[in-house]
Every structure is written in structure tokens, then in C-alpha cells.
Amino acid sequence: MTDLPAPTLRLQLDSAALAHNWRTLDRMSGTARAGAAVKANCYGLGTGNCLPVLRDAGARDFFVAHWSEVPDALHHVPASQLSVLHGPLNTDETAFARATGVRPVIVSLHQTKLWVESGGGPCDLMVDTGINRLGIAPREISDPVVQALDVQTLMSHLACADEDSAMNARQLAAFRDVMPMIAHREASLTNSAGTALGGDYHFDLTRPGLALYGGIARREFVGKIRQVAFPQAAIIQRRELSAGDTVGYNASFTAPAAMPVGVLSLGYADGILRNWGGATFVHDGRHLPILGKVSMDMIVIDLSAAPNLTEGDWAELPYSLPDAAQQTAVSQYELLTLLGRRFGL
Ligand SMILES: *Cc1c(COP(=O)(O)O)cnc(C)c1O
């Protein structure tokens with residue numbers, strides 16, 4: 001088939017910033033190594049774009065959530081460096097784990113039995129210390145079937161690491177209590193935010209995700225973590241509005257005077273939700289406010305500040321995650337993972 005023409009929207013990725021963020025988190029992890037959560041297509045930014053950069057920066061421990069995410073990841077890293085956070089639900093999944101050599105993170109007694117009955121072998125073990133999401137209960141650890149596991153990394157997960165909550169210390173204490181109860185080669189407790197809680201929390205391995213991709217989960221990251229993803233779209237039509245003309249669905253914007261506008265080739269199907277209404281695109285430092293409602297595939301912007309812009313020119317949505325989260329009331333995590341497939345990742 002003939003080649004596809006160049007897309008009219010793109011997610012500019014700053015690979016140097018991504019590598020910088022991993023190295024920063026590795027340094028903030030003290031004597032522990034920083035791993036990398038690469039689930040959900042590297043938080044929406046593309047496994048093929050991000051995983052090689054993280055690997056080349058030095059990451060050696062990667063985490064996906066689903067077994068379906070394994071094949072993509074294995075294009076870039078060896079199976080021995082990959083763990084699947086949801087663990088095996090059934091014998092199809094244990095068979096897939098064994099065939100690929102990827103480590104399951106065992107999260108329940110059910111999974112423990114499945115894994116041991118399938119023949120066992122190295123796995124990670126998630127213990128619940130209070131988030132009550134995935135994880136085996138501390139009282140279940142003495143069960144002989146759990147004791148039969150060959151645990152590479154003993155893990156738990158903090159519920160409130162992005163807050164100065166007393167829950168962090170409680171979970172740390174609970175994790176410390178569990179550690180002597182089962183043989184393991186390494187221990188790991190923190191996500192991005194938890195990495196800033198200090199050396200007591202680091203153990204052997206940290207598991208940052210959000211901060212790799214530019215998220216600022218705590219003030220300690222301000223000025224250290226750099227923006228990675230920059231959504232940009234082409235103007236596909238320029239129009240000249242007259243005073244009184246309205247824009248978009250429900251005619252929610254009315255031009256107060258004659259003005260040039262541009263129709264951008266992206267919308268909520270690309271993850272730019274209607275919450276962005278009233279926000280401002282930029283081009284060369286010029287501010288181009290969104291007019292009216294965000295449509296599925298289009299956003300109309302005011303070109304008054306850059307009246308020479310026309311079809312084929314590009315504008316960028318400022319996507320500094322902490323600012324964007326404040327502006328849209330959408331979390332930094334969601335702002336990343338929403339970014340749609342049409343960005344061509
Ligand atoms: C997603 C995830 C992480 C990464 O969390 P961030 O808050 O994105 O840094 C770490 N550990 C587990 C178990 C996870 O599910």
C-alpha cells in the first residue's frame with residue numbers, strides 16, 4: 001500500500017527528559033535501584049518509544065499489569081527483567097508465564113496455589129499492608145503453600161505516598177514485620193511518590209511510574225522531574241469569524257468582534273477532554289485560547305495573537321502535568337493514560 005501521509009496530531013516525546021527522570025529517581029532511591037512501571041503502554045506514551053530509553057538509561061526492572069502487555073515489552077527487554085503485577089488468574093496465564101519466562105507477581109493464595117501447581121519457579125510476591133487492592137494478607141504468609149514460593153522480590157504498595165499521611169509509616173512498619181516471615185532475595189515498597197519519603201522506604205528496588213513520564217506527585221520532585229509529553233496538532237482549517245458568529249456544539253462561544261480562528265486536528269477522542277474548554281494552546285509563545293466546546297476530533301482556537309497562522313501550522317497544548325491537572329481537575333495519571341491512539345504511538 002502507499003505510505004500513509006504524515007499525521008496531523010503528534011505527541012512530541014522528550015526522550016532526554018525521560019532518561020533524565022529515570023536517573024533522577026534512581027539517585028533519589030539512594031542505595032536501592034530504581035525500576036520502571038511500564039504498564040498501560042508506558043502510561044499512554046508508547047512502549048516502543050519509552051521502554052528502550054528507560055533501558056538505555058539503566059533500568060533493569062520493569063513492571064506491566066497485564067499478560068497482554070508482555071509481548072510488546074519483550075521486544076525491548078529480557079523476560080528475566082519483567083514482572084506482571086496482576087499475576088496469573090488461571091492456568092492459561094501460568095502457562096504463558098512459564099513459556100515466556102516472565103515473573104508473575106503473586107498476589108493471592110489462589111495465585112500461589114496455581115503457581116506452585118504449575119511447577120513453580122521464581123516469582124515476585126505482593127503483600128497487602130493496607131491498600132486492600134492486590135496482595136496476600138500478612139496472616140496468610142505462614143501458609144505452607146506460600147512458604148513454598150521462590151520469591152525474587154517481596155513487594156508491597158503504599159496507599160498515600162503522595163500525602164504526608166501517618167498511613168505511610170504504618171505500612172512501612174507492617175512491611176518490615178512481614179519481611180522476616182518469608183524468604184526473598186529483594187524487597188520493594190515504593191512507587192514514584194514513595195521514593196521521596198526517605199531511605200527507610202527504599203529497600204532494594206523502587207518502582208516509579210508517574211514521575212518517569214513527567215508527573216510531580218510530591219513537592220520534592222518540583223524542579224527535578226521534567227516534562228516528557230507534548231501534545232501538538234495541526235490547523236486543518238482557518239476561518240474568519242464576524243461579530244456575533246458562534247463556535248462549536250451548543251454555540252457556547254460568540255465572537256465579540258471579527259477574529260481569525262483555527263480548527264485543530266485533535267479532540268476528546270485523543271484524550272483532550274471537555275475539561276480543557278477555556279484553556280490555551282501556544283505557538284511560538286503566542287497564546288491561542290480554546291473557543292467553545294472540545295469536539296471528538298476538533299478544537300477551535302483563537303488566532304488573534306498569531307494572525308499569520310494558517311492551514312498546516314501547528315499549535316501545542318501546554319501539558320505540564322501538575323498545572324494541567326489543576327486546570328482540568330483530571331489527575332496527572334489520567335492526563336497521561338488518556339492520550340489516545342491517534343497520536344500514532
Ligand atoms: C503502577 C504501580 C507503580 C507505579 O506507581 P506510580 O505512582 O505511577 O509511580 C508501582 N507499583 C505498583 C504495584 C503499581 O501498580
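## Ligand site

An oxygen atom of the ligand is placed 2.8 Å from a polar backbone atom of leucine 210. In isolation the ligand would expose 390 Å², and the protein buries 92% of that area. The model described here is predicted.

Around the ligand there are 14 residues, the closest being Lys39, Tyr43, Ser192, Leu210 and Tyr333. Two side chains also approach the ligand with polar atoms. For serine 192, a polar side-chain atom is 2.5 Å from an oxygen atom of the ligand. For arginine 207, a polar side-chain atom is 2.9 Å from a nitrogen atom of the ligand.

## Lysine 39

Lys39 is covered by the UniProt annotation "modified residue: N6-(pyridoxal phosphate)lysine", which comes from an unreviewed entry. In the model, Lys39 is also listed among the closest residues to the ligand. Lysine 39 belongs to helix H2, which comprises residues 39–43.

How accessible is lysine 39? Its relative accessible area is 26%, and because the partly exposed class runs between the 20% and 50% limits, lysine 39 is classed as partly exposed. When neighbours within four places in sequence are set aside, lysine 39 has contacts with Phe63, Val64, Ala65, Glu69 and Leu85.

## Histidine 157 and arginine 207

Histidine 157 is located in the loop that runs between strand S8 (150–155) and helix H8 (166–178). Is histidine 157 buried or exposed? The relative accessible area of histidine 157 is 19%; since buried means under 20%, histidine 157 counts as buried.

The side chain of histidine 157 forms a polar contact of 3.2 Å with the side chain of arginine 207. Arginine 207 in turn has a polar side-chain atom 2.9 Å from a nitrogen atom of the ligand. Apart from neighbours within four places in sequence, the contacts of histidine 157 are Met126, Thr129, Ile131, Arg133, Gln171, Leu189, Asn191 and Arg207. Histidine 157 and alanine 73 are 84 residues apart along the chain, and 22 Å separates their C-alpha atoms.

Serine 165 is found in the loop between S8 and H8. Serine 165 is partly exposed, its relative accessible area being 23%. Between the C-alpha atoms of serine 165 and asparagine 21 the distance is 25 Å, with these positions 144 residues apart in sequence terms.

## Threonine 129

Threonine 129 is situated in the loop between strand S7 (122–126) and helix H7 (144–147). With a relative accessible area of 11%, threonine 129 is buried.

Which side chains make polar contacts with that of threonine 129? One is the side chain of serine 156, at 2.7 Å. Another is the side chain of glutamine 171, at 2.9 Å. Both partners recur among the residues that threonine 129 touches when those up to four places away in sequence are not counted: Ser156, His157, Gln171, Ala174 and Phe175. His157 and Thr129 are thus in contact, and Gln171 is also a contact of histidine 157.

## Cysteines

A disulfide is a covalent bond between the sulfur atoms of two cysteines. The model contains 0 disulfides by the distance rule applied, which requires sulfur atoms within 2.5 Å. Why is cysteine 42 in no disulfide? The nearest cysteine sulfur, that of cysteine 50, is 4.5 Å away, so the pair does not meet the 2.5 Å limit.

Cysteine 42 is buried, with a relative accessible area of 0%. Cysteine 160 is likewise buried, at 14%.

## C-terminal domain and overall architecture

An unreviewed UniProt entry assigns residues 228–344 to "domain: Alanine racemase C-terminal". This span is 12% helix and 34% strand, and its end C-alpha atoms are 16 Å apart.

The protein as a whole has 10 helices and 18 strands. Along the principal axes, its C-alpha atoms fill a box of roughly 75 × 50 × 35 Å. Of its 345 residues, 51% count as buried. The protein exposes about 15,100 Å², of which carbon and sulfur atoms supply 51%. Where contacts link residues at least 6 apart in sequence, 64% of them join residues at least 24 apart.

Notes
Residues numbered from 1 in each chain as written. Predicted model: local features only at pLDDT ≥ 70, side-chain atom pairs only at ≥ 80, totals over all residues. Heavy atoms only, no water. UniProt positions renumbered as here; feature names shortened; annotations may be inferred. Helix = DSSP H or I, 4+ residues; strand = E, 2+ residues; numbered from the N terminus. Buried < 20%, exposed > 50% of the residue type's maximum accessible area, 1.4 Å probe, protein only. Contact = heavy atoms within 4.5 Å. Near = heavy atom within 4 Å. Polar contact = N/O pair within 3.5 Å; in protein donor to acceptor, adjacent residues only side chain to side chain. Areas by Shrake-Rupley, 256 points an atom, 1.4 Å probe, with all protein chains shown as cover.
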